[in-house]
Amino acid sequence: MRTVLKKILTAMRGGVNELGEAVVDGQGNRILEQELRDAEQELKQAKQELAALMAESASLARQIRVEQDSASKREQDASKALAAGQEELAREVAERIVGHERRAGELTQTRELLQQRISGLKERVQRAEKQLADYRRELQVVKTNERVLRTTAQIDTNINSNQSSLSTAKETLERIRDRQAREEDRQTASATLEKELTGADLDEKLKAAGIDSEQDAVNDVLARLKGNQAQ
């Protein structure tokens with residue numbers, strides 16, 4: 001009993017999978033279009049994030065320049081203090097210089113790491129854009145092929161089938177020709193019957209055999225008239 005139930009459940013799972021695959025296959029183009037739209041949205045968000053990181057890098061560059069400029073200015077101050085014999089003051093300024101240089105170094109290190117990440121992200125965005133463009137072109141090809149297949153199927157179903165307008169037109173034409181042929185047969189039979197009833201058919205047969213009583217009578221009259229003129 002347990003084996004039978006297991007087989008039934010397996011068959012049900014198989015049916016569900018087949019149904020799911022059929023739905024996916026039937027809506028393939030629509031699913032692909034939605035996936036590409038989702039990918040475009042994700043790519044747009046990635047570009048926005050990349051732009052924000054590039055802005056952060058530019059901000060770090062400005063901070064580094066500020067620290068470097070401050071250190072340079074303090075170096076001049078320290079030199080002036082030393083020239084004035086103010087050793088203690090020069091030491092204090094030197095401590096400020098150390099602070100500026102340390103912060104500039106830390107900011108530079110942070111910016112270098114950020115620049116590496118930005119470069120990697122740019123490459124990823126470029127690859128994604130190229131791949132997305134390729135998929136868009138593939139989608140266009142797929143949709144065109146799908147349209148061709150659908151049109152071909154419509155022709156096979158609606159035009160070449162026994163129920164198509166073209167097929168029924170052919171049947172109508174054949175019925176018209178058959179009706180006309182029957183009418184021609186009826187008229188021919190009617191004419192033949194009329195000839196038989198009036199004896200016209202026999203006259204035709206005599207004429208065909210060179211026996212024409214009407215023509216003979218005419219010839220007799222002409223012969224008589226010619227005889228009278230000779231007398």
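**Six helices, questioned**

Reader: Let's start with one side chain: what is the relative accessibility of Lys 47?

Author: Keep in mind that this is a predicted model. Partly exposed covers the range between under 20% and over 50%. Lys 47 counts as partly exposed, because its relative accessibility is 37%.

Reader: Which side chain meets Lys 47 in a salt bridge?

Author: The bridge has an N to O distance of 2.2 Å, and it ties together parts that are 82 residues apart in sequence, since Lys 47 lies in helix α2 and its partner in helix α3. That partner is partly exposed too, with a relative accessible area of 33%. The residue meeting Lys 47 is Glu 129.

Reader: Okay, stepping back, how many helices does the protein chain have?

Author: From the N terminus on, the elements run α-α-α-α-α-α. There are zero strands. So by the DSSP runs, the helix count is six.

Reader: And what share of the residues counts as buried?

Author: To be buried, a residue needs under 20% relative accessible area. The chain has 231 residues. The share of them that counts as buried is 11%.

Reader: Back to salt bridges: which residue pairs with Arg 136?

Author: The side chains meet at 3.2 Å, N to O. This pair links distant parts of the chain, with Arg 136 in helix α3 and its partner in helix α2 (residues 28–83), 96 residues apart. Arg 136 counts as partly exposed at 29% relative accessibility, and the partner is partly exposed as well, at 32%. The partner of Arg 136 is Glu 40.

Reader: How far apart in space are the C-alpha atoms of Glu 49 and Leu 121?

Author: Glu 49 sits in helix α2. Its relative accessible area is 55%, so Glu 49 is exposed. Along the sequence, Glu 49 and Leu 121 are 72 residues apart. In space, C-alpha to C-alpha, they are 9.5 Å apart.

Reader: Which residue has its C-alpha atom 10.0 Å from that of Ala 58?

Author: Ala 58 is another residue with its place in helix α2. Ala 58 counts as partly exposed, at 33% relative accessibility. The residue in question is 57 residues away from Ala 58 along the chain, and it is Gln 115.

Reader: Moving on to α4, how far apart are its end C-alpha atoms?

Author: Helix α4 covers residues 165–198, which makes 34 residues. At 1.5 Å a residue, the helix should span 50 Å. The distance between the ends agrees with that, because it comes to 49 Å.

Reader: Which residue takes a positive phi just after α4?

Author: Helix α4 covers residues 165–198, and the residue just after it has a phi of about 80 degrees. That residue is Gly 199.

Reader: Which residue meets Asp 178 in a salt bridge?

Author: An α-helix has 3.6 residues a turn, so residues three or four places apart point the same way. This pair is four residues apart in helix α4, which means a separation of about one helical turn. The N to O distance is 2.0 Å. Asp 178 is partly exposed at 39%, and so is its partner, at 48%: Arg 182.

Reader: How many salt bridges turn up in the whole structure?

Author: One is the pair of Arg 182 and Asp 178. There's also a network, which links Lys 73, Arg 74 and Asp 77. The search of the whole structure gives a total of eleven.

Reader: What about charge on the surface: which residues form the negative patch?

Author: One member, Glu 87, has its place in helix α3, which covers residues 87–159. The full set forming the negative surface patch is Glu 87, Glu 88, Glu 92 and Glu 95.

Reader: Last one: about what area does the nonpolar surface patch have?

Author: The patch is made by Val 218, Val 221, Leu 222 and Leu 225. Leu 222 is found in helix α6 (residues 213–230). Patch members need over 30% relative accessible area, and Leu 222 is partly exposed at 42%. The area of the nonpolar patch is about 300 Å².

Conventions
Residues numbered from 1 in each chain as written. Predicted model: local features only at pLDDT ≥ 70, side-chain atom pairs only at ≥ 80, totals over all residues. Heavy atoms only, no water. Helix = DSSP H or I, 4+ residues; strand = E, 2+ residues; numbered from the N terminus. Expected span 1.5 Å × (residues − 1). Patch = residues over 30% accessible without salt bridge, like charges linked within 9 Å, V, L, I, M, F, W, Y side chains within 5 Å. Areas by Shrake-Rupley, 256 points an atom, 1.4 Å probe, with all protein chains shown as cover. Salt bridge = Lys/Arg side-chain N within 4 Å of Asp/Glu carboxyl O. Lys, Arg positive; Asp, Glu negative; His and termini not counted. Charge placed at Lys NZ, Arg CZ, Asp CG, Glu CD. Buried < 20%, exposed > 50% of the residue type's maximum accessible area, 1.4 Å probe, protein only.
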